[in-house]
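Q: Hey, can you walk me through this protein model? I'm new to this, so plain words please.

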Amino acid sequence: MVELLKLREQAFKLANSKYKVGNTDFTQYSGIYLAPTSNTKKMMELYKDARTVLAEGSTGAIGYEALLNGAVKVDLFDINELQRLFFLYMKTAIEVLSYENFIKHFTLKEQYTMMPKDKIKDLLSNELYEKLRFYLDDDVEFVFGPLFDYFYSSDLILSGLFRFEHPINIDYLKRTVSFYNEEEYYKLQKILRQENVEMNYYTCSLTDVPTMFNEQYELITLDNILQTYQKIKGIETVYEANRFVDKKLSKLLTDDGVIQAAYGFEIATDALKETLKIPFDKNISNDNPISRYAIKEDMKNGICSGLIKKWDHYSYNFIQGVEENNGIISDNVVLTYKKRK
């Protein structure tokens, strides 16, 4: 109970604080992601055959993609205990809500900066909490219940409790995450209701994963965690990042297992293409001095370029990206590690 009291205290502290745009601090008590930031649909299409998966947790989207692709066991990890509670909250919503009600309360039709509160009144509304509260795990109700009793949902969304700067508009999510589409939503709902698969979520930092878990998996996914490798204690260089993946994390793989080691957004993808002398669209990210500078910096310090340049046990795939500019959708890149025989 002491730990839950502290968790509730930290949640209230965030709810009473102002969100810092661009915040890249990730701790046991950090702002909560409302949706994934990468194209989980296209990324997980690269690993459709995986039946046992260990994945970066966040909202659970990668795990849900794995289940939709036929996985039977999914373990999720995330350093943020509040994110774990939100995963349980959203999972409950998927299990009990109609598609229309889920979309109403977990997405927006449009999203822009400085949105007035009346435009987000349905997002995680107090009304939604009242619908779900009798289905929730005790620890979720213990922490989230007082928040929805004390705050209006729109004030929570605009506080430091949530990372509202990232896209949650429905058209974007339908393109990048399978279960935001009606058919896949009900397919996932059926899977979760039948309970014929195993899905677990653990609070755990990336560097503790090799000692926290002792099973073997066909697929381990890190999503874009290593994008900020320089801020992860023990993985502050590209060399240490590779060493962690190759010497420690790989021990959790089956003989033919792979690790989705890194995910690169538009700038990182163009940096890798330029590093490898691969032509890319001049109209997307490198048509202004700021973007050119960012690309050059990523060529020197980015995790994707760094791993590909130095070690041959990584391969890359370009997928449809999350960024869109003037009707042009960028590429993103996914790096895959395969154990050396």
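What follows is a chat about a few spots in this model.

A: Sure, with two notes up front. This is a predicted model, so to speak of local features takes pLDDT of at least 70 and side-chain atom pairs count only at pLDDT 80 or more, while totals for chains, interfaces and linings use all residues. Residues are numbered from 1 along each chain as its sequence is written, and side-chain values use heavy atoms, with hydrogens and water left out.

Q: OK, how many salt bridges does the structure hold?
A: It holds 15 salt bridges. A salt bridge here is a side-chain nitrogen of Lys or Arg within 4 Å of a carboxyl oxygen of Asp or Glu.

Q: Which residues are linked with Lys 73 in a network of salt bridges?
A: Asp 75, Glu 198 and Glu 215 are in that network with Lys 73. The Lys 73 and Asp 75 side chains meet at 3.4 Å, N to O, and those of Lys 73 and Glu 198 meet at 3.0 Å, N to O. That second pair links distant parts of the chain: Lys 73 sits in strand β2 (residues 73-78) and Glu 198 in strand β3 (residues 198-203), 125 residues apart. Strands (E, at least two residues) and helices (H or I, at least four) are DSSP runs, numbered from the N terminus.

Q: Is Lys 73 buried or exposed?
A: Lys 73 is buried, because its relative accessible area is 11%. Buried means under 20% relative accessible area, exposed over 50%, and partly exposed in between, using a 1.4 Å probe and protein chains only. Asp 75 is buried too, at 1%, whereas Glu 198 is partly exposed at 38%.

Q: Switching topic: which strands pair with β4?
A: Strand β1 (residues 52-56) pairs with β4 in the parallel sense over three bridges, and strand β5 (residues 253-264) pairs with β4, also parallel, over four bridges. Two strands pair if DSSP finds at least two bridges between them. For instance, Leu 54 has Ile 220 of β4 as its bridge partner, and Thr 221 stands opposite Gln 260 in β5.

Q: How many of the five residues in β4 are buried?
A: Four of them are buried, and strand β4 (residues 217-221) is mostly covered.

Q: Cool. Now the helices: where does α7 bend?
A: α7 bends by about 30 degrees at Phe 144, and Pro 146 follows within four residues. The bend at a residue is the angle between axes fitted to the seven residues ending there and the seven starting there.

Q: And which residues of α7 are buried?
A: Among them are Val 140, Phe 142, Phe 144 and Leu 147.

Q: Any odd backbone angles? What's the phi of Met 114?
A: Met 114 has a positive phi of about 60 degrees although it is not a glycine. Met 114 lies in the loop between α5 (99-106) and α6 (126-132), and it is exposed, with a relative accessible area of 79%. Asp 223 also has a positive phi, near 50 degrees, and is not glycine either. Asp 223 is in the loop between β4 and α12 (238-248), but it counts as buried at 5% relative accessibility.

Q: Last one: where is Val 96?
A: Val 96 is in helix α4 (residues 81-96). At 31% relative accessibility, Val 96 counts as partly exposed.
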